[in-house]
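Biologist: Hi! Could you walk me through this one from scratch?

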Amino acid sequence: MNVGDTLPPLEVPVTRTLIVAGAIASRDYQDVHHDAALAQEKGSPDIFMNILTTNGLVGRYITDHLGPRAVLRKVAIRLGAPNYPGDTMTLTGTVTAISVTAVSGTTIEIRVVGANGIGHHVTGTVTAEVPA
């Protein structure tokens, strides 16, 4: 792996079930993540994914690529366009830095973008360590 390398894209179908299950799993009971009528009353066309679900999907994307021994050391993400049911989020990543030490292994920084049909849902950087 080298700086500039890209990770294969991961397409995540954004289903109503994924949005609601992610909100419940992260104990985020805000109505905009499970009640379409209340989300619409608040100005949203439908329910939308919460940041904790997005964070989990970003982490999965990185560890799926780096392997089960990878440890996420830092995840810094920012949300943009909402993920609504019926869309697909495509995660992509680019290696921006690599450092190797005999003691801790390899530390890899990856710039991540998750795009959907209306724009970038998530952008950020993940730093992961793969033990030696």
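Modeller: Happy to. One term to begin with: two residues are in contact when they have heavy atoms within 4.5 Å of each other. Also keep in mind that this is a predicted model.

Biologist: Great, let's use that term right away. Which residues is threonine 127 in contact with, leaving aside its neighbours within four places in sequence?

Modeller: Threonine 127 has contacts with Val71, Leu72, Arg73, Lys74, Thr107, Ile108 and Glu109, once neighbours within four places in sequence are left aside. You'll find threonine 127 in strand β5.

Biologist: Is threonine 127 buried or exposed?

Modeller: Buried: its relative accessible area is 17%, and the cut-off for buried is under 20%.

Biologist: Let me step back a bit. How many helices and strands does the protein have?

Modeller: There are 3 helices and 5 strands. Reading from the N terminus, the elements go β-α-α-α-β-β-β-β.

Biologist: And in what order do the strands sit in the sheet?

Modeller: The order is β1-β3-β4-β5-β2, in an open sheet with antiparallel pairing. At the edges are β1, residues 6-14, and β2, residues 71-79, each of which pairs on one side only. From one strand to the next, the twist averages 20°.

Biologist: Where does helix α3 pack?

Modeller: Helix α3, residues 51-66, packs on the sheet, where it touches β1, β2, β3, β4 and β5. The direction of α3 makes about 135° with that of β2.

Biologist: Back to the strands for a second. Over how many bridges do β4 and β5 pair?

Modeller: Over 11 bridges, in the antiparallel sense. Strand β4 covers residues 105-116 and strand β5 covers residues 119-130. To pick out one pairing by eye, look at isoleucine 108, whose bridge partner in β5 is alanine 128.

Biologist: Nice. Anything else to look at in β4?

Modeller: Try arginine 111, which is in strand β4. Not counting residues up to four places away in sequence, arginine 111 touches Thr92, Gly93, Thr94, Thr96, Thr123, Gly124 and Thr125. Its C-alpha atom is 9.4 Å from that of alanine 97, which is 14 residues away along the chain. Arginine 111 counts as partly exposed because its relative accessibility is 38%.

Biologist: Changing topic: how many salt bridges does the structure hold?

Modeller: The structure holds 4 salt bridges. One of them joins arginine 16 and aspartate 46, with the closest N and O atoms 2.8 Å apart.

Biologist: Where do arginine 16 and aspartate 46 lie?

Modeller: Arginine 16 is in helix α1, residues 16-25, and aspartate 46 is in the loop between α2 and α3, so this pair ties together parts that are 30 residues apart in sequence. Arginine 16 is partly exposed at 40% relative accessibility, whereas aspartate 46 is buried, with a relative accessible area of 14%.

Biologist: What about aspartate 31, which residue does it form a salt bridge with?

Modeller: Lysine 42, with the closest N and O atoms 2.9 Å apart. Aspartate 31 belongs to the loop between α1 and α2 and lysine 42 to the loop between α2 and α3, so the pair links distant parts of the chain, 11 residues apart. Aspartate 31 is buried, with a relative accessible area of 16%, while lysine 42 counts as exposed at 53% relative accessibility.

Biologist: And arginine 60 with aspartate 64, how many residues apart are they in helix α3?

Modeller: They are 4 residues apart in helix α3, so about one helical turn separates them. Their side chains meet in a salt bridge, 3.2 Å from N to O. Arginine 60 is partly exposed at 39% relative accessibility, and aspartate 64 is exposed at 51%.

Biologist: On to the surface: which residues form a nonpolar patch?

Modeller: Met1, Val3, Ile98 and Val100 form one, with about 360 Å² of accessible area together. Isoleucine 98 lies in strand β3 and counts as partly exposed, with 30% relative accessibility.

Biologist: Last one, the overall numbers. What does the C-alpha trace span along its principal axes?

Modeller: About 55 × 25 × 20 Å. Of the 132 residues, 36% are buried. The protein exposes about 7000 Å², with carbon and sulfur atoms supplying 55% of that. Among contacts with a separation of 6 or more, 66% are between residues 24 or more positions apart.

Key
Residues numbered from 1 in each chain as written. Predicted model: local features only at pLDDT ≥ 70, side-chain atom pairs only at ≥ 80, totals over all residues. Heavy atoms only, no water. Pairing = 2+ DSSP bridges. Helix = DSSP H or I, 4+ residues; strand = E, 2+ residues; numbered from the N terminus. Axes fitted to C-alpha atoms, helices over the stretch in contact; angles between N-to-C directions. Patch = residues over 30% accessible without salt bridge, like charges linked within 9 Å, V, L, I, M, F, W, Y side chains within 5 Å. Areas by Shrake-Rupley, 256 points an atom, 1.4 Å probe, with all protein chains shown as cover. Buried < 20%, exposed > 50% of the residue type's maximum accessible area, 1.4 Å probe, protein only.
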